[in-house]
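Reader: I am new to this structure and would like a close look at a single part of it, the largest pocket and what surrounds it. Please take me through it slowly.

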Amino acid sequence: MLLNTRNIITSNIAGKQKKDMAGFSLKGFVAILLLILLLLCYNFEACEARRGKHWKQRRLPASSLAKKKGKGKSGGGSHNSHHGRGGGGGGGPKPAPPAPSPSPSNNSMYNVLDFGAKGDGVTDDTKAFEDAWMAACQVEASTVKVPSDYAFLVGPISFSGPYCQPNIIFQLDGTIVAPTNSKIWSSGLLWWIEFTKLKGITIQGHGTIEGRGSIWWSQSEPNNEPINEDLDMKMPSIKPTALRFYGSYNVTVTGITIQNSPQCHLKFDNCEAVHVFNMSVASPGDSLNTDGIHLQNSKDVSIHHCNLSCGDDCISIQTGCNGVKIHNVNCGPGHGISIGGLGRDNTKACVSNITVQDVNMYGTMTGVRIKTWQGGSGSVQNIRFSNIRVSEVQTPIVIDQFYCDRSSCKNQTNAVALSSIAYESIKGTYTVKPVHLACSDNTPCSEISLTEIELQPMQEHYHMYDPFCWEAFGELYTPTVPPIFCLQNGKPTSNRILSDHDIC
């Protein structure tokens, strides 16, 4: 009896334990299932959040979000098509330094048409160009596309760093046209299109920058006023350069044409590692002060395979330039290739290591020229002009240390010092004088060398001048045509001792 009772109690306890364990298993399973579901939902939301953040960073930079509203597109980083031309709303303030950009891809093309540009040559497309640049600025190796078969009216504009990503390409296949409304130019600007403080900027394509400079050129003629005929308003007296690069490194300009600039066509100031090739400048020979390419305070510059026609120097090399190589260039009409004018208003000028070779000149005022103002200081040295072909050039070889573009200039004794200047294989025809070497009395030119100079007069011109030299010292390495007896052999004895202010 006692044994049976004990068995019954043991069986009841075991059954209760089995029931408790079964209940626990069911509850535990439900809890684990709920935990799994919660983890899945969390991971899904986190994934979506990460994906949304990545899309926003890659496709729609904060600075361009407002611009793309109303265009019916979800992606703002890819602008390869030409539709969506009606957008391009208001932009925001200038962007702060951006976060590191994603690696470059095929989607980093920014077509100005997608930012609202009309390209009809009448509508002001300046804002669309600004917005396209602001978007491209934040992506390394991006491209701003200016498509062919369109003419874009663009006012004064600056495509600026220094917070832009490097290696941006400005693909110019269409035409950019300057405005002629005098109000847009205010009291006068020094440039029209500017690229500033950039690393690795390239302008390439088959397009044209049209400066419409004829309404500006007339102001240089004494009997004319610079008048915009459409508005009957005067243009400002300060004339802009068409395309300017400032403070930039690794700059390339290729393929494009710049024409009819109000003043200088292409200018580089404080730039390094500049490469200009296979491009053209085109303006009439009577368009005053329209230099083709102007260099200032720039070094490591290469210019080659260019066609330059303008109303002033085809290439002008100013103070602060070092390491410039120019070759395979056609120049004319124009004033030739010049170093200077240097030392204006008693300033210091330093130019060195310049090579100009394999150049053709047609109907220019001078061929290769160095010009300095009286009263300047500094030096020009290590200059080489080689294999220059001249045709009907007024004066092919010029050094002028008494340069003056005014009605009169004050006589001064100080001058920029010129030395180590080589002229090699300069041949062709002239119409006024073959050689003009006018050096400073106080600081004569030294180490001038002449080799294989063959310059023939054009027979139809009757008033010719013989070679002229003044305080020019150096050496003739071969006989010259015509004979240049005026070059003094050796070194000058009266060279003044250069002060610290004179030394570059």
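Author: A pocket, as the word is used here, is an open set of grid points where a 1.4 Å probe fits, with protein on both sides within 12 Å along at least five of seven lines. The model is a predicted one, and its largest pocket has a volume of about 930 Å³. The lining of this pocket is made up of 35 residues, and those closest to the centre are Asp 291, His 294, Gln 318, Gly 341 and Arg 344. Several strands contribute two or more residues each to the lining, namely β13 (241-246), β16 (266-269), β19 (293-296), β23 (337-342), β24 (348-362) and β25 (366-372). Among these elements β23 gives the most, with three residues. Sorted by class, the lining holds nine nonpolar residues, 14 polar residues and 12 charged residues.

Two of the strands that reach the pocket can be followed further into the structure, and β24 is a good place to begin. Strand β24 pairs with β22 in the parallel sense, over nine bridges, and one such bridge joins His 327 to its partner in β24, Gln 357. Strand β22, which covers residues 321-331, also pairs in the parallel sense with strand β20, residues 299-309, this time over eight bridges; here Lys 299 has Asn 322 of β22 as its bridge partner.

The other strand to follow is β13, which carries Phe 245. The rings of Phe 245 and Phe 195 have centres 5.4 Å apart and planes at 15°, and because planes under 30 degrees apart count as stacked, this pair is a stacked one. Phe 195 lies in strand β8 (residues 191-196), so the pair ties β8 to β13, parts that are 50 residues apart in sequence. Both rings belong to buried residues, for Phe 195 has a relative accessible area of 1% and Phe 245 has one of 0%. Ring pairs extend the picture into a cluster, in which Phe 195 and Phe 245 are linked with Trp 133, Phe 159, Phe 170 and Phe 268.

In the model as a whole, the count of aromatic pairs comes to 13. One of them, formed by Tyr 110 and Phe 115, is tilted, with 6.5 Å from centre to centre and 40° between the planes. Tyr 110 is buried, at a relative accessible area of 2%, and Phe 115 is likewise buried, at 2%.

Terms used:
Residues are numbered from 1 along each chain as its sequence is written. This is a predicted model: local features need pLDDT of at least 70, side-chain atom pairs count only at pLDDT 80 or more; totals for chains, interfaces and linings use all residues. Side-chain values use heavy atoms; hydrogens and water are left out. On a 1 Å grid over the protein atoms alone, a cavity is a set of points where a 1.4 Å probe fits but cannot get out, and a pocket is an open set with protein on both sides within 12 Å along at least five of seven lines; lining residues have an atom within 4 Å of a point. Grid points are joined across faces, edges and corners, and a volume is the space filled by probe spheres set on the points. Helices (H or I, at least four residues) and strands (E, at least two) are DSSP runs, numbered from the N terminus. Ala, Val, Leu, Ile, Met, Phe, Trp, Tyr, Cys and Pro count as nonpolar, Asp, Glu, Lys and Arg as charged, and the others, Gly among them, as polar. Two strands pair if DSSP finds at least two bridges between them. Rings of Phe, Tyr and Trp (its six-membered ring) pair if their centres lie within 6.5 Å; planes under 30 degrees apart count as stacked, over 60 as edge-to-face and the rest as tilted. Buried means under 20% relative accessible area, exposed over 50%, partly exposed in between (1.4 Å probe, protein chains only).
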